[in-house]
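Colleague: I am new to this model and would like a close look at a single part of it. Could you walk me through it in a friendly way?

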Amino acid sequence: MRALTRREALTAAAAAAALPLRVLAAQTRAPAVVKGRLKQSVSRWCYSKIPMPEFCKAVKDMGLTAIDLLEEPEWAVVRDQGLICSMGYAGGGSIRDGLNVRANHDAIVKNFEEKIPRAAQMKVPNVITFFGNRRGMSDAEATTNCVDGLNRVKKIAEDAGVTICVELLNSKVDHKDYQGDRTAFGVEIVKAVNSPRVKLLYDAYHMQIMEGDLIRTIRTNKDFIAHVHTGGVPGRHELDETQEVNWRAVATALADLGFAGYMAHEFVPTRDPLTSLREAVALCDV
């Protein structure tokens, strides 16, 4: 066989080096969602440095159909990009000042009366609210107050076809003194309200910190959970080998249950943000 000239060898090496880059580019453009048994979304605040039009395009390219945790002015923005807001802010109080204090109810009711019908018009399926901080309040009193507050707003949600999701958060690391820090507490309240449009936002990052036992808890309480958030534990970063939750198993359990809600990624990337998001979406595409 004829020996390659130096020019031919350099040309061949350059072509070989370029091939993986072309393959990588093709893979990057290809959707991360292939099976799609589980609806996935992504929380906007974790990617706030990326301009919204650019973020919407990247999300769509991955095969996602929704972006999570948006204020009302952003609902139309994502709609115009062919996406929906999977969880909207609609004036449901704050993490600290939530449903467990009766003095907060009037404002929450007023906001929901105004914004939930607008959410329905914009095809926003869920709006968020919170249990609030304890400030020494007993669980029994908080439960009564939360049930009464949610009873005042459930018909608004039922009439609009929008689900009010009350979020479970950890009080150990991120939200000191938050009262809704256990699944059983939230389930008791949702059961008492007894509405198809009042459910829990089960943040699996927070509940891993407080309780663990994610899959069994989800299976046991599937009828009371409408939305799920992810985040690597510890640290709330990528869903990779640096953290302790088997997210593929969690996603598989949700899909096998026929979970109709969204699994929304709510982690703060430490690497290239869109690469980290794509990896999480692919991991949970079961």
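Is C284 buried or exposed? And once that is settled, please tell me about its sulfur and then show me the helix α9 and the serine S86.

Modeller: Happy to, and please keep in mind that this is a predicted model. C284 is buried, because its relative accessibility is 0%, and buried means under 20%. Its sulfur takes part in no disulfide: the nearest cysteine sulfur belongs to C46 and is 14 Å away. C146 tells a similar story. Its relative accessibility is 0%, so C146 counts as buried. The closest cysteine sulfur to that of C146 sits in C165, 15 Å away, and that is too far for a bond because a disulfide needs the two sulfur atoms within 2.5 Å. A search through the whole structure comes back with zero disulfides.

Now to helix α9, which spans residues 247-256. Its buried residues are W247, V250, A251, A253, L254 and A255. Some of that spacing fits a general rule: an α-helix has 3.6 residues a turn, so residues three or four places apart point the same way. What lies over the buried residues of α9? The cover includes the helices α7 (204-210), α8 (214-220) and α10 (273-283), together with the strands β7 (225-230) and β8 (262-265). Just after α9 comes G258, whose phi is positive, at about 75°.

Next, S86, which you will find in strand β3, residues 84-89. S86 counts as buried because its relative accessibility is 0%. Its side chain makes a polar contact of 2.5 Å with the side chain of D68. Setting aside neighbours within four places in sequence, S86 is in contact with S41, A66, I67, D68, P125, N126, H227 and Y262. Two of these lie in elements that help cover α9: H227 falls in β7 (225-230) and Y262 in β8 (262-265).

Finally, here is the setting for these parts. The chain has 286 residues, and buried ones make up 50% of them. It contains ten helices and eight strands, and its C-alpha atoms fill a box of roughly 90 × 40 × 30 Å along the principal axes. Among contacts between residues at least 6 apart in sequence, 75% join residues at least 24 apart. The accessible surface is about 13,300 Å², with 55% of that belonging to carbon and sulfur atoms. As for charge, there are 37 positive and 35 negative side chains, and the centres of the two sets lie 6 Å apart.

How values were computed:
Residues numbered from 1 in each chain as written. Predicted model: local features only at pLDDT ≥ 70, side-chain atom pairs only at ≥ 80, totals over all residues. Heavy atoms only, no water. Buried < 20%, exposed > 50% of the residue type's maximum accessible area, 1.4 Å probe, protein only. Helix = DSSP H or I, 4+ residues; strand = E, 2+ residues; numbered from the N terminus. Contact = heavy atoms within 4.5 Å. Areas by Shrake-Rupley, 256 points an atom, 1.4 Å probe, with all protein chains shown as cover. Lys, Arg positive; Asp, Glu negative; His and termini not counted. Charge placed at Lys NZ, Arg CZ, Asp CG, Glu CD. Polar contact = N/O pair within 3.5 Å; in protein donor to acceptor, adjacent residues only side chain to side chain.
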